[in-house]
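Visitor: I have a structure on my screen and would enjoy a guided tour of how its pieces fit together. Shall we go through it step by step?

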Amino acid sequence: MVFLLKFSLFCSVNLLKHYIQYRIKAKGRHGIHSPFIYTFLNECLTTKVDKNFLSSRKKMNYQLKKNESKIEINDFGAGSKRLNNTRKIKEIYKISSSKGKYSLLLYKLAHYYHPKNILEFGTSLGIGTFHLASGNNSGKVTTVEACENTLNEAKRNFTNFKIKNVTAVHSTFDAFLSSSQNRSFDLVYIDGHHDGKALLVYLEKLKPLTHNDTIFILDDIRWSDSMYSAWTTLINDPYYHVSLDFFRMGIILPRKQQVKEHFTIRL
Ligand SMILES: C[S@@+](CC[C@H](N)C(=O)[O-])C[C@H]1O[C@@H](n2cnc3c(N)ncnc32)[C@H](O)[C@@H]1O
């Protein structure tokens, strides 16, 4: 018990240190000269969010926040730091679902760049999927989740909220990658497993399934030392010319036409 308390205090202090460093480096919309990043900040991030979408989003969040029903979870990732294997939907929502400005970033990216084919690794209750699919109704979202019971909850949400442009795949990320030749994704959101080494392997395997302008969104880059170390490797990797640090999320793009540059941005 004492060890656990010390460990969680250490994690909080470590995260606070990261946050202070991030805020010192973070730029607003001024002082950025790259045209791609300038339009990203001034147009994509200022995208108006549809009112009907916002009211469905409020309703979905409310329903999940109040949902007392329990499901058996099979955790294929590095595992939640806080939950047992039988979990209430409201607990899964609280700990694992995308929320606030980070979930709106998903909507805005899908809305502004119109990615035709979107891939999400880690569906959970389908909140991230809902934002990506609603941001671009004409795009197709493939979302991959290894826990069947969780995926069934997500599917229920897609039906209830009339989200039609989603294919929900019951699979591990590895098995999906092995069976997905000849596909091409314009936007990839990786939000599962949370192990730095695994993240680097997935990104390597995704290279033949993506292209120069694919937007890779990586969640929880500061979730653990291993995730942050993978993030540091990626921002130094010559394959990705653009990297954007939003503290919790990171975005990387190959964009060979652009001089390699890293940006720390305030959302
Ligand atoms: C943080 S949650 C995803 C949250 C969701 N993307 C959102 O925006 O609300 C991570 C999910 O990834 C799934 N997952 C973790 N590792 C996986 C793996 N190797 N293969 C498939 N699913 C995995 C977990 O079961 C969990 O439901």
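Visitor: Against which elements do the buried residues of helix 4 pack?

Guide: Happy to start there, with the reminder that this is a predicted model. Helix 4 spans residues 89-96, and its buried residues are I92, Y93 and S96. They cover an arc of only 105° around the axis, which puts them on the same side of helix 4. The elements they pack against are helix 3 (51-66) and strand 2 (86-88).

Visitor: Is S96 in helix 4 buried or exposed?

Guide: S96 has its place in helix 4. The cut-off for a buried residue is 20 or more other C-beta atoms within 10 Å. S96 has 22 C-beta neighbours inside 10 Å, so S96 counts as buried.

Visitor: How far apart in space are S96 and L125, C-alpha to C-alpha?

Guide: Along the sequence, S96 and L125 are 29 residues apart. In space, their C-alpha to C-alpha separation is 8.5 Å.

Visitor: How is helix 3 oriented relative to helix 4?

Guide: The axes of helix 3 and helix 4 are 6 Å apart, and the two helices pack at an angle of about 120°. An angle over 115 but not over 145 degrees falls outside the parallel, antiparallel and perpendicular ranges. That makes helix 3, relative to helix 4, oblique.

Visitor: How many charged residues does the contact of helix 3 with helix 4 have?

Guide: From helix 3 come L64, K65 and K66, which meet I89, K90 and Y93 in helix 4. By class, this contact has 3 nonpolar residues and no polar ones, and the number of charged residues is 3.

Visitor: Staying with helix 3, is K58 buried or exposed?

Guide: K58 lies in helix 3. A residue counts as exposed if 12 or fewer other C-beta atoms lie within 10 Å. K58 has 10 of them within 10 Å, so K58 is exposed.

Visitor: How far is K58 from E148 in space, C-alpha to C-alpha?

Guide: K58 and E148 are 90 residues apart in sequence. Their C-alpha to C-alpha distance in space is 25 Å.

Visitor: Let's turn to helix 5 and helix 6. Is their arrangement roughly parallel or roughly antiparallel?

Guide: Helix 5 covers residues 100-113 and helix 6 covers residues 127-135; their axes come within 7 Å and cross at roughly 30°. Angles under 35 degrees count as roughly parallel. That makes the arrangement of helix 5 and helix 6 roughly parallel.

Visitor: What is the handedness of the crossing, left-handed or right-handed?

Guide: The residues that meet are S103, L106, Y107, K108, L109, A110 and H111 in helix 5, and I127, G128, H131, L132, S134 and G135 in helix 6. They divide into 6 nonpolar, 6 polar and 1 charged. As helix 5 passes helix 6, the crossing is right-handed.

Visitor: How many of the 9 residues of helix 6 are buried?

Guide: The buried residues of helix 6 are I127, G128, T129, F130, H131, L132, A133, S134 and G135. Helix 6 is therefore largely enclosed by the rest of the structure, and the number of its residues that are buried is 9 of the 9.

Visitor: Which loop holds S124, the residue with phi near 50°?

Guide: Most residues other than glycine have a negative phi. Phi of S124 is a positive value, near 50°. S124 is buried, with 24 other C-beta atoms within 10 Å. Its loop is the one between strand 3 (117-121) and helix 6.

Visitor: K162 has a positive phi too. Is K162 buried or exposed?

Guide: Phi of K162 is near 55°. K162 lies in the loop between helix 7 (148-160) and strand 5 (166-170). With 7 other C-beta atoms within 10 Å, K162 is exposed.

Visitor: One last pair: at what angle do helix 9 and helix 10 pack?

Guide: G196, K197, L199 and L200 in helix 9 meet S226, M227, S229, A230 and T233 in helix 10. By class, that contact has 4 nonpolar, 4 polar and 1 charged residues. The axes of helix 9 (residues 196-206) and helix 10 (residues 225-236) are 7 Å apart, and the packing angle is about 40°.

How values were computed. Residues are numbered from 1 along each chain as its sequence is written. This is a predicted model: local features need pLDDT of at least 70, side-chain atom pairs count only at pLDDT 80 or more; totals for chains, interfaces and linings use all residues. Helices (H or I, at least four residues) and strands (E, at least two) are DSSP runs, numbered from the N terminus. The arc is that of the directions from the helix axis to the C-beta atoms. Two residues are in contact if their C-beta atoms, placed from the backbone, lie within 7 Å. Axes are lines fitted to C-alpha atoms, for helices over the stretch in contact, and angles run from 0 to 180 degrees between N-to-C directions. Ala, Val, Leu, Ile, Met, Phe, Trp, Tyr, Cys and Pro count as nonpolar, Asp, Glu, Lys and Arg as charged, and the others, Gly among them, as polar. Angles under 35 degrees count as roughly parallel, over 145 as roughly antiparallel, 65 to 115 as roughly perpendicular and the rest as oblique. A crossing is left-handed if the near helix is turned anticlockwise from the far one by less than a right angle, and right-handed if clockwise.
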